[in-house]
Amino acid sequence: MPARMQEGVARTYRTERIEVTWAPQRCIHSGECFSNLPEVFDPRARPWIRIRSGDPDLIEDTVARCPSGALAFYRIDDREGGTHDQR
Ligand code: SF4
């Protein structure tokens, strides 16, 4: 199995404006991301995060709602990045 497909290996999705990482071992499958921004977050698609399909500000807002901290972002276009870990 390729390393990128293994549980626990964080995946990275990037444009010239924003980078999003997803840590599958932390995801609790709450559905917050794909309920809020289905054009970007689609668990039936591959890749499941279509990073170029949404505005970076909306992606940032959605990542900030992730209840588990599985999603994190880094703004490449000079804005602050981070994660929203409520634990
Ligand atoms: S919002 Fe976070 S915890 Fe919920 S499904 Fe998306 S990545 Fe997983």
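## A tour from the core to the ligand

Begin by selecting Val-20, Ile-59, Val-63, Leu-71 and Phe-73, which touch the most other members among the 15 residues of the largest nonpolar core. A nonpolar core here is a set of buried Ala, Val, Leu, Ile, Met, Phe, Trp, Tyr and Cys residues joined through C-beta atoms within 7 Å. A residue counts as buried if 20 or more other C-beta atoms lie within 10 Å of its own, as exposed if 12 or fewer do, and as partly exposed in between, with the C-beta atoms placed from the backbone. Strand 2 (18-22), helix 2 (56-64) and strand 3 (71-75) each supply at least two residues of this core.

Before going further, note that this is a predicted model, in which local features need pLDDT of at least 70 and side-chain atom pairs count only at pLDDT 80 or more, while totals for chains, interfaces and linings use all residues. Residues are numbered from 1 along each chain as its sequence is written.

**The whole chain.** Now colour by secondary structure, and two helices and four strands appear, arranged along the sequence in the pattern β-β-α-α-β-β. Helices (H or I, at least four residues) and strands (E, at least two) are DSSP runs, numbered from the N terminus. Of the chain's 87 residues, 22% count as buried.

**The strands.** Select strand 1 (residues 11-14) together with strand 2: the two run antiparallel and are joined by four bridges, forming a hairpin with three residues between them. Strands are said to pair if DSSP finds at least two bridges between them. Within this hairpin, Tyr-13 has Val-20 of strand 2 as its bridge partner, and Thr-12 stands opposite Thr-21. Next add strand 3, which pairs with strand 2 in the antiparallel sense over five bridges, and look for Phe-73 opposite Val-20. Which residues of strand 2 lie on its covered face, and which on its uncovered one? Ile-18, Val-20 and Trp-22 make up the covered face, whereas Glu-19 and Thr-21 belong to the uncovered one.

**The ligand.** Move to the ligand and display the residues around it, which are Cys-27, Ile-28, His-29, Ser-30, Gly-31, Glu-32, Cys-33, Cys-66, Pro-67, Ser-68, Ala-70 and Leu-71. A residue is near a molecule if its C-beta atom, placed from the backbone, lies within 6 Å of it. The shell divides into seven nonpolar, four polar and one charged residue, where Ala, Val, Leu, Ile, Met, Phe, Trp, Tyr, Cys and Pro count as nonpolar, Asp, Glu, Lys and Arg as charged, and the others, Gly among them, as polar.

From this shell, pick Cys-27, found in the loop between strand 2 and helix 1. Cys-27 is partly exposed, because 16 other C-beta atoms lie within 10 Å. Leaving aside residues up to four places away in sequence, Cys-27 touches Ser-68 and Ala-70, a contact being two C-beta atoms, placed from the backbone, within 7 Å. Cys-27 and Cys-66 are 39 residues apart in sequence, yet their C-alpha atoms are 8.7 Å apart in space.

**Two backbone details.** Most residues other than glycine have a negative phi, and most peptide bonds are trans. His-29, which is not a glycine, has a positive phi of about 55 degrees, and its place is in the loop between strand 2 and helix 1. His-29 is exposed, because 11 other C-beta atoms lie within 10 Å. Finally, select Arg-46 and Pro-47, which are joined by a cis peptide bond with omega about -5 degrees; Pro-47 is found in the loop between helix 1 (32-36) and helix 2.
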